[in-house]
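Colleague: I am new to this structure. Please take me through a few of its features.

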Amino acid sequence: MKPTLFLSDMHLDPSRPDMIQLFIRFLMEHGSRAREVYLLGDIFEAWIGDDAVPADHPVLKAMRQLSDSGVPVFVMRGNRDFLLGDAFAETTGATLLDDPTAIELDGETVLLMHGDLLCTDDVEYQQFRAMVNDPRWQAGFLAKSIPERLELAKQARSESSSRNTQLAGERQEIMDVTPQTVIDTMRAHGVRRLIHGHTHRPDIHHFEIDGEPAVRIVLGDWFDQGSVLVYQDGDYDLQTVDG
Ligand code: MN
């Protein structure tokens, strides 16, 4: 069986053209040979609305080429690109997934998340997340002009970076998932395998839920290395893409 690929946290941004090229090359070389490709959020460092990006954006074109070649591409929104919408899906041919989404892989149910929902110790962040995921807030934001949206996004970034500096000490703890929330979420969905990104701490964690073995696979980021999880014939392999 062909491999199924899971990636997240590319944080693609015009300031890092090398990363954009690496990602496009990855889609063409590896994505094209996959059974399915799952992109689990924060593909883009910022996304202020589908209408703010030209349809011939090289990343969107590469995703379109991949889906046109017959490889299903699934996209979950992250906390950076939570405004990815229907026009993006139409342009790329990708299917947008809710967070969380459960999929079947060779008979096993696997829960997919971006990962920020698991960081429940960061109460202030969860409040912000609830606000910007409210359809009314999103409609209001998207109704603004693109320059206005850019300005608001810039303000939000500088507020969040000063908050991160403030929290520098405790941030390490806060930025990781809350273990009890992981267990509660997996139990609620009746799964024993979870795949997510967001924390930039690639690892495969083995633990138990109600006496049964459970696994949480964390995807890494693409700042310094391309992190990709390859599933094939029952095996999960967390790999690094060669630049
Ligand atoms: Mn994230």
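Colleague: Which are the buried residues of helix α2?

Modeller: First, this is a predicted model, in which local features need pLDDT of at least 70, side-chain atom pairs count only at pLDDT 80 or more, and totals for chains, interfaces and linings use all residues. Residues are numbered from 1 along each chain as its sequence is written, and side-chain values use heavy atoms, with hydrogens and water left out. Buried means under 20% relative accessible area (1.4 Å probe, protein chains only). Helices are DSSP runs of H or I with at least four residues, strands are E runs of at least two, and both are numbered from the N terminus. In α2, residues 58-68, the buried ones are Val59, Leu60, Ala62, Met63, Leu66 and Ser67.

Colleague: Why do the buried residues of α2 line one face of the helix?

Modeller: An α-helix has 3.6 residues a turn, so residues three or four places apart point the same way. Viewed down the axis of α2, the buried residues fall within an arc of 160° (taken from the directions from the helix axis to the C-beta atoms), so they line one face.

Colleague: What covers the buried residues of α2?

Modeller: Coverage is read from contact, meaning heavy atoms within 4.5 Å. The cover includes α1 (17-29), β2, β3 (73-76) and α3 (86-92).

Colleague: Which residue of strand β2 should I look at?

Modeller: Glutamate 36, in β2 (residues 36-40). Leaving aside neighbours within four places in sequence, glutamate 36 is in contact with residues including Pro3, Val71 and Phe74.

Methods:
Buried < 20%, exposed > 50% of the residue type's maximum accessible area, 1.4 Å probe, protein only.
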